[in-house]
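Visitor: I've never looked at this one before. Can you pick a spot and walk me through it from there?

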Amino acid sequence: MQQNQASYANQMQTLFEAKFKTRFPNESVDVLNLCDHNIPRLEADGLLGIWHKQETNVPLNDEEMTIIKQSDALLTQFMSHHRIVIVSPLHNFNITSHLKDYIDNILIANKTFRYTETGSEGLMTDNYKVLYLQSSGGIYTENDRYTPLEFSHYFLKEMFVNIMSFDNYYIVRAQGTNISPVDSQNIMNQVENDLSTIFEDFYTN
């Protein structure tokens with residue numbers, strides 16, 4: 001199932017890149033494949049331990065220095081782009097573990113958001129937008145018992161818009177990829193239509 005969904009996710013990425021190249025022929029897409037990178041994790045011997053050492057002015061060892069440099073590089077890359085496109089299959093109603101690890105490296109206090117007396121406040125307020133391209137075996141837009149189970153959608157929207165204060169969040173779905181009979185052409189036609197609908201607005205300042 002996951003391989004099938006990943007195939008549709010790859011098709012969505014290819015479709016987006018083709019549309020981007022047509023709209024911006026002199027620009028390029030900065031692609032980060034999370035599966036090809038060792039993303040620092042929120043663990044006691046990872047980011048959690050490192051952040052604690054930094055807060056208490058304890059020197060980091062060589063391995064910890066490597067980890068924090070990797071994390072800082074991810075954050076720097078993320079903040080340098082005002083348009084973020086996430087391409088991913090749905091895993092057990094939620095984002096993949098790789099994507100969750102990535103979010104833990106960019107959701108950084110005093111960088112992408114800050115704490116105030118009245119609660120958290122986003123710092124990504126300078127014309128930032130995010131587009132989520134998701135493939136899923138099921139369908140989550142029919143206002144039935146599966147609709148509230150699309151935790152990936154709700155989580156990402158809240159993290160980017162509510163916590164980091166992105167201007168807008170968009171989602172395009174390739175869904176029903178495991179519901180027989182599968183009409184792959186119809187699924188991708190819907191993706192293309194939905195992507196075309198939001199594409200210009202996504203890149204409008």
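Guide: Let's start at Ser 165, which sits in the loop between α5 and β5. Helices are DSSP runs of H or I with at least four residues, strands are runs of E with at least two, and both are numbered from the N terminus. Residue numbers start at 1 along each chain as written, and the model is predicted, with pLDDT of at least 70 needed for local features and 80 or more for side-chain atom pairs, while totals for chains, interfaces and linings use all residues. Side-chain values use heavy atoms, leaving out hydrogens and water.

Visitor: Okay, what's the phi of Ser 165 like?

Guide: The phi of Ser 165 is near 70°, which is a positive value in a residue other than glycine. Along the chain, Ser 165 follows α5.

Visitor: How accessible is Ser 165?

Guide: Ser 165 has 22% relative accessibility, so it counts as partly exposed. Buried means under 20% relative accessible area, exposed means over 50%, and partly exposed is what falls in between, using a 1.4 Å probe on protein chains only.

Visitor: Where else is there a positive phi in a residue that is not a glycine?

Guide: Asn 110 has one, of about 70°. You'll find Asn 110 in the loop between α4 and β2.

Visitor: And is Asn 110 buried or exposed?

Guide: Asn 110 has a relative accessible area of 60%, so it is exposed.

Visitor: Back to α5, then. Which residues of α5 are buried?

Guide: In α5, the buried ones are Ser 152, His 153, Leu 156, Met 159, Phe 160 and Ile 163.

Visitor: Let's take Met 159. What is its relative accessible area?

Guide: Met 159 comes in at 17%, so it is buried. This residue lies in helix α5 itself.

Visitor: What is Met 159 in contact with?

Guide: If you skip its neighbours within four places in sequence, Met 159 is in contact with Leu 107 and Met 164. Contact here means heavy atoms within 4.5 Å. There's also Ile 103: it is 56 residues from Met 159 along the chain, and the C-alpha atoms of the two are separated by 8.7 Å.

Visitor: Ile 103 is one of the buried residues of α4; which are the others?

Guide: Besides Ile 103, the buried residues of α4 are Leu 99, Asp 101, Tyr 102, Asp 104, Asn 105 and Ile 106. That helix is mostly covered, with 7 of its 10 residues buried.

Visitor: What do the buried residues of α4 pack against?

Guide: They pack against α2, α3, β1 and α5.

Visitor: Switching topic: how many aromatic pairs are in the structure?

Guide: The structure holds 16 of them. Rings of Phe, Tyr and Trp (its six-membered ring) pair when their centres lie within 6.5 Å; planes under 30 degrees apart count as stacked, over 60 as edge-to-face, and the rest as tilted. Phe 93 and Tyr 140 form an edge-to-face pair, 6.3 Å centre to centre with 85° between the planes.

Visitor: What does the pair of Phe 93 and Tyr 140 tie together?

Guide: Phe 93 is in the loop between β1 and α4, and Tyr 140 is in the loop between β4 (129–136) and α5 (151–163), so the pair ties together parts that are 47 residues apart in sequence. Phe 93, at 30% relative accessibility, counts as partly exposed, whereas Tyr 140, at 8%, counts as buried.

Visitor: Got another pair for me?

Guide: Phe 160 and Phe 166 are edge-to-face too, at 5.0 Å centre to centre and 80° between the planes. Both Phe 160 and Phe 166 are buried.

Visitor: Which residues do ring pairs link into a cluster?

Guide: That cluster takes in Phe 16, Phe 20, Phe 24, Tyr 170, Phe 199, Phe 202 and Tyr 203.

Visitor: One more residue: what does Glu 150 touch?

Guide: Not counting residues up to four places away in sequence, Glu 150 touches Phe 93, Gln 134, Tyr 140, Ile 171 and Arg 173. Phe 93 and Tyr 140 are the edge-to-face pair from before. Glu 150 lies in the loop between β4 and α5, and at 1% relative accessibility it counts as buried.

Visitor: Last one: where is the peptide bond that is cis?

Guide: It runs from Ser 180 to Pro 181, with omega near -5°. Pro 181 has its place in the loop between β5 (168–175) and α6 (184–203).
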